[in-house]
Each structure stands twice: as C-alpha cells, then as structure tokens.
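Okay, thanks for coming, everyone. Let me put the model up on the screen and then walk you through it.

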Amino acid sequence: DIIGTLTKKCIMSNDEIQVKIMSPDKDFYQLIGPKVSILRPRSFHDKSPNSLEVIRGKLVPHVRLDETWFALEYDGIEPQCFVDVLTLLGDKSDNIPGINRVGKVRAKYLVKEFGTIEALMEAWGDGEKRDNFPSYLPKELHFQKDMILLSKQLVALDCELDIPYDLNDLTLEPEM
C-alpha cells in the first residue's frame, strides 16, 4: 500500500517522472501504466530477456515489465484489472486462495469477458450451470462469494494512504 501510494503521489506531482518499482511481487502489476514499470529481479532460473541497470552502485539484472509486456501477457486486459485476475487465480505468497480449478487462461478470459469480479458474480453468482463452461464454476462463485470479495479487497493496493513524502528522497540520480 505504501509503494502504491508513493507511486500515485509521484506521478500526480510531476508530469516528467517515470516510476520504476523493483520487486518480484505480482501485486504491483496493477500499478503498471504510461509512467510506471516494474523491474522484476531476474532469478537464476528465469529465461526472460533481461536488462542490466546500475542501481545505487550495483549492477542489477532484471526484467522490465511495462504496458506493452502487460498487454501481451494478459491479452489486452488493463493493468488495473489485474486485481480481478489475481483474485480468481489466487496468490499463495499472500494467502489468497483463488477459485478452485481456475488457472491463468480461464482467469484472463473471465476478466476480459466480464471486466470485474463483481460483474462476473452478478452474471453467474446464482450457481446455475452455463453453456460452454464447466458446471463447477458458477457453483464455486456462488458458494465462495464472501471469500472472493474479501480476497479482492486484500489484493487491491490502497493508494490513498496519508503519508508524508519528499520526491527528492524517492529519486535515484543516474550513476556517473
């Protein structure tokens, strides 16, 4: 929430600023935008194309995740809708259970089709079977409604915290 709040405050305070968040956490994907990219540290096993950047005097290999990457990876879904994708998928590292038997492909499809968890719940929350979909899905939505809505609240970053900041403290100057 703190990183989300500082990101929002920075981009609102300066038209020229580009925010780069160094983190392996998928939660930050919801912040990706024209002025915000994620630098995911590249692990030894990661086969993604990487970049090298000097950060505080150290050469750091990373993968840059930006709007173009997100559009390709998530089939044109807007980054702010990643909250809904992650709610459906679940996130073991944050104890978000997700919906049983919903993987990345189905989660992306549902969010692209309905836009939000709430719209999906309104359309399918009655538990009745739908054509072209497994019968378990509407039942899961119906019986797990409270857990799903709570999970979405937990996944969504609160970018409205009242915290003081100084833009100069958050700016990394290029290394000479």
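I'll start with the overall layout, then go through the core, the strands, the helix packing and a couple of loop residues.

One thing up front: this is a predicted model. So, the layout. We've got eight helices and four strands here, and if you read along the sequence the pattern goes α-β-β-β-β-α-α-α-α-α-α-α. The protein has 176 residues, and 38% of them are buried. As for contacts, if you take those with a separation of 6 or more, 56% are between residues 24 or more positions apart.

Okay, the core. Which residues touch the most other members of the largest nonpolar core? That would be Tyr29 and Leu88, in a core of 38 residues. Plenty of elements give two or more residues to this core: on the strand side β1 (19-22), β2 (36-41) and β4 (58-65), and on the helix side α3 (82-89), α4 (104-114), α5 (117-124), α6 (136-143) and α7 (145-155). The largest share comes from α3, with five residues. As a general point, nonpolar side chains tend to be buried together in soluble globular proteins.

Let me zoom in on Tyr29. Leaving out anything up to four places away in sequence, Tyr29 touches Ile38, Arg40, Leu65, Trp69, Phe70, Tyr74, Pro79 and Phe82. Now follow that last one, Phe82, which sits in helix α3. Is Phe82 buried or exposed? Buried, with a relative accessible area of 1%. Apart from neighbours within four places in sequence, Phe82 is in contact with Lys26, Tyr29, Gln30, Phe70 and Tyr74. So you'll see Phe70 and Tyr74 on the contact list of Tyr29 and again on the list of Phe82. And one distance while we're here: Phe82 and Thr116 are 34 residues apart along the chain, with 9.6 Å between their C-alpha atoms.

Moving on to the strands. Have a look at β1, where the side chains alternate. Val19 and Ile21 point to one face and are buried, whereas Lys20 and Met22 point to the other face and are not. Next to that, β1 pairs with β2 in the parallel sense, over four bridges. If you want to find the register on screen, Val19 stands opposite Val36 in β2, and the bridge partner of Lys20 is Ser37, also in β2. How much of β2 is buried? Five of its six residues are, so β2 is largely enclosed by the rest of the structure.

Between those two strands there's a loop, and Asp25 is in it. Asp25 is partly exposed, at a relative accessible area of 25%. Asp25 and Pro41 are 16 residues apart in sequence, and C-alpha to C-alpha they're 9.9 Å apart in space.

Right, helices. I'll stay with α3 and look at two partners. The axes of α3 and α4 come within 9 Å and cross at roughly 140°. That makes α3 oblique to α4; the cut-off for roughly antiparallel is over 145 degrees. The crossing is right-handed. Which residues meet there? From α3 it's Asp84, Val85, Leu88 and Leu89, and from α4 it's Lys104, Ala107, Leu110 and Val111.

The other partner is α5. Here the axes of α3 and α5 also come within 9 Å, and they cross at roughly 55°. So α3 is oblique to α5 as well. The contact is made by Asp84, Thr87 and Leu88 of α3 with Ile117, Glu118 and Leu120 of α5. Note that Leu88 turns up in the α4 contact and in the α5 contact, and Leu88 is one of the two residues touching the most other core members.

Last stop, the loop between α3 and α4. Most residues other than glycine have a negative phi. In this loop, though, we find Asn95, which has a positive phi near 55°. Arg101 is in the loop between α3 and α4 too, and its phi is positive as well, about 65°. Are these two buried or exposed? Asn95 is exposed, with a relative accessible area of 69%, and Arg101 is exposed at 60%.

That's my tour, so over to you for questions.

Terms used: Residues are numbered from 1 along each chain as its sequence is written. This is a predicted model: local features need pLDDT of at least 70, side-chain atom pairs count only at pLDDT 80 or more; totals for chains, interfaces and linings use all residues. Side-chain values use heavy atoms; hydrogens and water are left out. A nonpolar core is a set of buried Ala, Val, Leu, Ile, Met, Phe, Trp, Tyr and Cys residues joined through side-chain atoms within 4.5 Å. Buried means under 20% relative accessible area, exposed over 50%, partly exposed in between (1.4 Å probe, protein chains only). Contact means heavy atoms within 4.5 Å. Two strands pair if DSSP finds at least two bridges between them. Axes are lines fitted to C-alpha atoms, for helices over the stretch in contact, and angles run from 0 to 180 degrees between N-to-C directions. Angles under 35 degrees count as roughly parallel, over 145 as roughly antiparallel, 65 to 115 as roughly perpendicular and the rest as oblique. A crossing is left-handed if the near helix is turned anticlockwise from the far one by less than a right angle, and right-handed if clockwise.
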